[in-house]
Amino acid sequence: AEQAAMEVQEETGLTHITFKGVVSLNNEIVYGKHYVSLGLLAESDEGEPHEGEPGKSQNWQWYDPEHLPQPLFAPSEGVITAWKSGVFFNEIRS
C-alpha cells in the first residue's frame, strides 16, 4: 500500500490516500500488449488531483463512476468493470 500511495502522489499530487483493498486482477491483451492489472480501491478525503508527471498523464479530475469520460484506457476500464461487478478475476483476450 505504501508503494501505491507514493505512485498516486507522484501522478496526481494527492497525499491523503487510504487504501481499502484489492478489487481485481485482470490478465488481458490490448493494444497489442499483454497487461496484468491489479486493481486497488482507494479513497482521498482532501485535495484536487493535478498533473504530477507532465507529458505522462493529463486532465486529472474527479468523476462519478457511473459517468466516466470515454474512451478509457482499456486496462483501467477492466479494473473499474471488475470493481463495479464484484468479479475479482478477469481474463480478457482481444
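**Exercise 1. Count the helices and strands in this predicted model, and read off their order.**

Step 1. Going through the secondary structure, you should find two helices and three strands in the protein.

Step 2. Now follow the chain along the sequence: the pattern reads α-β-β-α-β.

Step 3. How does the radius of gyration compare with the globule rule? The radius of gyration is 14 Å, close to the 12 Å that the rule gives for 94 residues, so the protein is as compact as a globular protein of that length.

Step 4. For a feel of the dimensions, the C-alpha atoms fill a box of roughly 35 × 30 × 25 Å along the principal axes.

**Exercise 2. Describe the contacts, the surface and the charges of the whole protein.**

Step 1. Take the contacts with a separation of 6 or more: 55% of them join residues 24 or more positions apart.

Step 2. Turn to the outside. The accessible surface comes to about 6800 Å², and carbon and sulfur atoms account for 54% of that. Buried residues make up 22% of the 94 residues.

Step 3. Finish with the charges. There are 5 positive and 15 negative charges, and their mean positions are 9 Å apart.

**Exercise 3. Decide whether Asn26 is buried or exposed, then find what surrounds Asn26.**

Step 1. Locate the residue: Asn26 belongs to strand S1, which covers residues 17-30.

Step 2. Apply the cut-off. Buried means under 20% relative accessible area, and Asn26 has 0%, so Asn26 counts as buried.

Step 3. Look for a polar partner. A polar atom of the Asn26 side chain lies 3.2 Å from the backbone oxygen of Gly78.

Step 4. List the neighbours, skipping residues up to four places away in sequence. Asn26 touches several residues, among them Tyr35, Val36, Pro75, Gly78 and Asn90.

**Exercise 4. Compare the settings of Thr12 and Gln9 in helix H1.**

Step 1. Place both residues. Helix H1 spans residues 2-12 and contains Thr12; Gln9 is in helix H1 too.

Step 2. Check the accessibility. Thr12, at 5%, counts as buried, whereas Gln9, at 41%, counts as partly exposed.

Step 3. Find the contacts, again leaving out neighbours up to four places away. Thr12 touches Glu48, Pro49, His50 and Trp60, while Gln9 is in contact with Leu14 and Thr15.

Step 4. Add two distances. A polar atom of the Thr12 side chain is 3.2 Å from the backbone nitrogen of Leu14. The C-alpha atoms of Gln9 and His50 are 9.8 Å apart, with their positions 41 residues apart along the chain.

**Exercise 5. Explore the loops through Asn59, Pro71 and Tyr31.**

Step 1. Start with Asn59, in the loop between strand S2 (33-44) and helix H2 (74-85). Its relative accessibility of 56% makes Asn59 exposed. From Asn59 to Glu10 the C-alpha distance is 15 Å, and the two are 49 residues apart in sequence.

Step 2. Pro71 lies in the loop between S2 and H2. Which kind of peptide bond joins Gln70 and Pro71? The bond is cis, with omega at about -5 degrees.

Step 3. Now visit Tyr31, in the loop between S1 and S2. Tyr31 is exposed at 53% relative accessible area, and has a positive phi of about 55 degrees although it is not a glycine.

Step 4. Put these angles in context: most residues other than glycine have a negative phi, and most peptide bonds are trans.

Definitions and conventions:
Residues are numbered from 1 along each chain as its sequence is written. This is a predicted model: local features need pLDDT of at least 70, side-chain atom pairs count only at pLDDT 80 or more; totals for chains, interfaces and linings use all residues. Side-chain values use heavy atoms; hydrogens and water are left out. Helices (H or I, at least four residues) and strands (E, at least two) are DSSP runs, numbered from the N terminus. Buried means under 20% relative accessible area, exposed over 50%, partly exposed in between (1.4 Å probe, protein chains only). A polar contact is a pair of N or O atoms within 3.5 Å; within protein, one must be able to donate a hydrogen and the other to accept it, and residues adjacent in sequence count only if both atoms are side-chain atoms. Contact means heavy atoms within 4.5 Å. The radius of gyration is taken over C-alpha atoms; the globule rule is 2.2 Å times the number of residues to the power 0.38. Accessible areas come from the Shrake-Rupley method with a 1.4 Å probe; for residues, only the protein chains shown count as cover. Lys and Arg count as positive and Asp and Glu as negative; His and the chain ends are not counted. The place of a charge is taken as NZ of Lys, CZ of Arg, CG of Asp or CD of Glu.
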